[in-house]
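User: I would like to go through this model step by step, beginning with how its helices pack and ending with its overall make-up. Please give the reasoning before each answer.

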Amino acid sequence: MPNTKENSREIAGVSVLVWIVLLAFLIRVIAVVVRHENLWIDTDAYLAIAQNLLDGNGFCSTPGQPTAFRPPLYPLLVSVSLYCGGHAAIGVVQIVLGTATVWLTWRIARCCQFSQQTSLLAAAIIAVDPLLVEYSTQAMTETLSTFLVTLLLLATLRSDHGARKGIVVGVVFGLAALCRPSIWAFGGLAAVGWLVVALANRSSHSGSDCGGRLFRGKTVFACAAAVAVTVSPWVIRNTLQFGRPVLMTTHGGYTLLLGNNETFFREVVSGERGTVWEGSSLKAWQAEKERQLLGIGIARDNELSRDAAFSGLAKQWIVEYPYRFLRTCMFRIQRFWACWPSVSV
């Protein structure tokens, strides 16, 4: 009798999950249809890179100027979508990825042994999350990245160990890194965590424990090999193109400087002009930095030198103004944990 009740609850939970997934699908379909014009807006040059790939110009946003400013996976996906069905196909792909993320969230919750109700609640939150719904209408990496990170978490939660699991986790992590390189920070923390656990277990002399450690070791080494194989084409391409290996992108220096400079601190952190960086001020700052680089002989198409120069300017500001840097870090932490987005009025 208890088994019958348990099965009934499980079947009811699956039925609810189906409705949640359908809801997620319909919401994203409506959003993409209503805001389809967003799929033509090339905020981060992904569409330009994808079109140049289709035109045979290589990985570049401007023909004749190879770039590593953006990671490669999303432009590759967009180029395939454009080839298959134009901008509408991009929307279809992102609807599918966003809907799949809802199911993956439910699977993660179940793997963590949360209750059926809690797991369904987690899936429902992802289904109606306004940011995820909005980004499904835009030609940007958020939808693909969220899907890959969710898939990565599910892969790591699998109870089995060994080379097969390591390969799956490594490939998914590599793809996530080729979509959003910031995932490398998570990989570094995970590696440190594994080393700490491995060193802690060395004190055990149990034969079965030694076997378990070896099995987990195989998983980790297989994972590292899979990551290396997955990202190696990007690194090799950049080495051949720029004469120096680029693991992530040439965007890091600009990103570091964008959040660590005097104008940002004065107008946003100190709150002189509001809670966001005003568009006209940002453009003026960008133009000033372009003039500064040209003044020292760094051309716009010299990505490696630009990246190093931007990084150097950011580090110089951090060293000169450590207190302001700490305030800026606290500001970012507060923004990250805010319950609602800041709006400039």
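User: Is the crossing of helix 12 and helix 13 left-handed or right-handed?

Analyst: This is a predicted model, and the answer should be read with that in mind. Helix 12, residues 279-295, and helix 13, residues 303-320, pack with their axes 11 Å apart and at an angle of about 115 degrees. Because angles of 65 to 115 degrees count as roughly perpendicular, helix 12 is roughly perpendicular to helix 13. The crossing of the two is right-handed.

User: How do the residues of the contact of helix 12 with helix 13 divide into nonpolar, polar and charged?

Analyst: Helix 12 contributes K289, E290, Q292 and L293 to the contact, while helix 13 contributes R306, A309, F310 and L313. Sorted by type, these residues are four nonpolar, one polar and three charged.

User: At roughly what angle do the axes of helix 7 and helix 8 cross?

Analyst: The contact joins F173, A176 and A177 of helix 7 to I183, W184, F186 and G187 of helix 8, and its residues divide into six nonpolar, one polar and no charged. The axes of helix 7 and helix 8, the latter spanning residues 183-201, come within 8 Å, and the angle at which they cross is roughly 145 degrees.

User: Which helix supplies the largest share of the largest nonpolar core?

Analyst: This core holds 36 residues, and those touching the most other members are L73, Y74, V78, I90, L144 and L148. Helix 2, helix 3, helix 6, helix 7 and helix 9 each supply at least two residues of the core. The largest share, nine residues, comes from helix 3.

User: Which residues does Y74 touch, not counting residues up to four places away in sequence?

Analyst: Y74 is one of the core residues that touch the most other members. With residues up to four places away in sequence left out, the residues touched by Y74 are Y46, I90, Q94, Q138, A139, M140, T141 and L144.

User: What do the buried residues of helix 2 pack against?

Analyst: Helix 2 covers residues 46-54, and its buried residues are Y46, L47, I49, A50 and N52. After helix 2 comes G56, with a positive phi near 80 degrees. The buried residues of helix 2 pack against strand 1, residues 60-62, and helix 3.

User: Is W103 buried or partly exposed?

Analyst: W103 lies in helix 3, which runs over residues 73-111, and its C-alpha is 9.1 Å from that of A127, although 24 residues separate the two in sequence. Since buried means under 20% relative accessible area and exposed means over 50%, the value of 40% makes W103 partly exposed.

User: Does S145 count as buried or exposed?

Analyst: S145 has its place in helix 6, where, leaving aside neighbours within four places in sequence, it is in contact with C179 and R180. Because the cut-off for burial is under 20% relative accessible area, S145, at 13% relative accessibility, counts as buried.

User: What percentage of the residues in the protein is buried?

Analyst: The protein has 14 helices and two strands, and its C-alpha atoms fill a box of roughly 80 × 55 × 45 Å along the principal axes. Among contacts between residues at least 6 apart in sequence, 67% join residues at least 24 apart. Of the 345 residues in the protein, the buried share is 37%.

Definitions and conventions. Residues are numbered from 1 along each chain as its sequence is written. This is a predicted model: local features need pLDDT of at least 70, side-chain atom pairs count only at pLDDT 80 or more; totals for chains, interfaces and linings use all residues. Side-chain values use heavy atoms; hydrogens and water are left out. Axes are lines fitted to C-alpha atoms, for helices over the stretch in contact, and angles run from 0 to 180 degrees between N-to-C directions. Helices (H or I, at least four residues) and strands (E, at least two) are DSSP runs, numbered from the N terminus. Angles under 35 degrees count as roughly parallel, over 145 as roughly antiparallel, 65 to 115 as roughly perpendicular and the rest as oblique. A crossing is left-handed if the near helix is turned anticlockwise from the far one by less than a right angle, and right-handed if clockwise. Contact means heavy atoms within 4.5 Å. Ala, Val, Leu, Ile, Met, Phe, Trp, Tyr, Cys and Pro count as nonpolar, Asp, Glu, Lys and Arg as charged, and the others, Gly among them, as polar. Buried means under 20% relative accessible area, exposed over 50%, partly exposed in between (1.4 Å probe, protein chains only). A nonpolar core is a set of buried Ala, Val, Leu, Ile, Met, Phe, Trp, Tyr and Cys residues joined through side-chain atoms within 4.5 Å.
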